[in-house]
Amino acid sequence: MLFSFDVTSLFTNVPLEQTIKIILKRIYEIKEITTDIKKDDMKKLLYLCTKEVHFSFNGKIYIQNDGVVMGSPLGPVLANIFMVELEKTVIPTLKNYLYCWKRYVDDTFTITGRNQVHTVKDNINNFHPEIKFTHEEEQNGKISFLDVQITNRLGILQSEVYRKPTSSDIFLQWNSFTPLQWKTSTLKTLVLRAYTVSSDNILLQKELDYLRQIFHQKNGYPIQFIDKVIASVDKNNRIALNENDMIPKSIPKYIKYSLTLPYMGKKGEQITKKMKKQLKRLLPNNIETRTINTTNKVSSYFNIKDPIQKQHRHDIVYEYKCTDIDCNEMYIGECGRRLGERMIDHIGRDNKSHIAKHVAEATHPETSFDDFKIINSGFCKNYRKRKIAEALAIKHKKPSLNVQEMSTPLILFN
């Protein structure tokens, strides 16, 4: 029978201690890769990136004790390392029960005996107490695995595209204010999936007819446009299958450049098209240009995450104003680390701080966190941009406590 196994909340349940030991063993004992980093340093770095990660919720700061923080780019890597270790350790002991074991991250497609699935499940669940598998079995000879539905017809497997019952089939609308390239890519991706997943032409045509229906009726795409995209994918697919085209050919080397432009509707697309023609005419033949359009998502206008407290923000330009009633002294600075750390410097930890010197010499009230304000953050993702933002703020506000006139030359304003 066909079965699928799924790990319950894999990322947040990855046992970090054991996974770190597995990584160190594979690097320094099995020597699967070579590195100049010492084992103790590697261990500290792994702990720093996993067990010492902070996040905020309801105005409080938390530390992750175990498992990988949701959204961390390390999540799939660490989860896969642990699952590979599980497979190396447990699966060979089940070779008399398993006829097939194919895994993608935490989902597994399996063929095993009808009465042997619980033996397999018990063995893989005993590998670590934090990792628990659930399983599903084929219903009426069918089972879903990722976005594929597999049908067991008397031992012959067929595959087609699978959609969850909750699927709305609503995609990028034809009349939406987005580039035509995005709409083409949305449809093309689903057509490519149909060619990849469908095991025969009957199932392929069934899926293509379904795409024609939902894109035309629910998403407003013209039938001619849909057929044109399908024909393009079909043509490329046939070329790829042609044995003559499998022979390696010399491919000319191109220098590729990308132009990122804001999307300005149909008029903007026409201007971009003319610009690309001009660039192709003027530039050498070995230079290839493409345009990337940017738009604002609706979600960008709503802050759905917990706001980060001022003292925990970094990569910013900040402003200080003296709290004394008769004093108008001001200072502008930038910092890549947390603002809270920089504020402690100004309050007294750094003897060279112009703010600390001013407060001491003028005998004004002691500086507090409330005296600091963030004036720029979105532009300050790297040092150079922060220095430019700081220089612009200094030029505009002319703070008296800044000894330097500007932190970086502003040639355009000279």
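1. In this note, contact means heavy atoms within 4.5 Å. The model under discussion is predicted.

2. Helix α11 (residues 354-362) lies across strands β12, β13 and β14, and runs at about 5° to β12. Helix α12 (residues 383-397) also packs on this sheet, where it touches β12, β13 and β14. The direction of α12 makes about 170° with that of β13.

3. The sheet that carries these helices is open and has three strands in the order β13-β12-β14, with antiparallel pairing. Strands β13 (330-335) and β14 (372-376) stand at the edges with a single partner strand each, so one side of each has no neighbour in the sheet. On average, neighbouring strands are turned by 30° against each other, direction ignored.

4. The pairing of β12 (residues 316-321) with β14 is antiparallel and extends over four bridges. Within this pairing, Tyr 318 has Ile 374 of β14 as its bridge partner.

5. A separate point concerns two helices. Helix α2 (residues 16-28) packs with helix α4 (residues 74-90) at an angle of about 75°, and their axes are 10 Å apart. Because angles of 65 to 115 degrees count as roughly perpendicular, α2 is roughly perpendicular to α4.

6. On the α2 side, the contact is made by Leu 16, Gln 18, Thr 19, Ile 22, Ile 23 and Arg 26. Helix α4 contributes Leu 78, Ile 81, Phe 82, Val 84, Glu 85 and Lys 88. By class, the contact of α2 with α4 comprises seven nonpolar, two polar and three charged residues.

Definitions and conventions:
Residues numbered from 1 in each chain as written. Predicted model: local features only at pLDDT ≥ 70, side-chain atom pairs only at ≥ 80, totals over all residues. Heavy atoms only, no water. Axes fitted to C-alpha atoms, helices over the stretch in contact; angles between N-to-C directions. Parallel < 35°, antiparallel > 145°, perpendicular 65-115°, else oblique. Nonpolar A, V, L, I, M, F, W, Y, C, P; charged D, E, K, R; others polar. Pairing = 2+ DSSP bridges.
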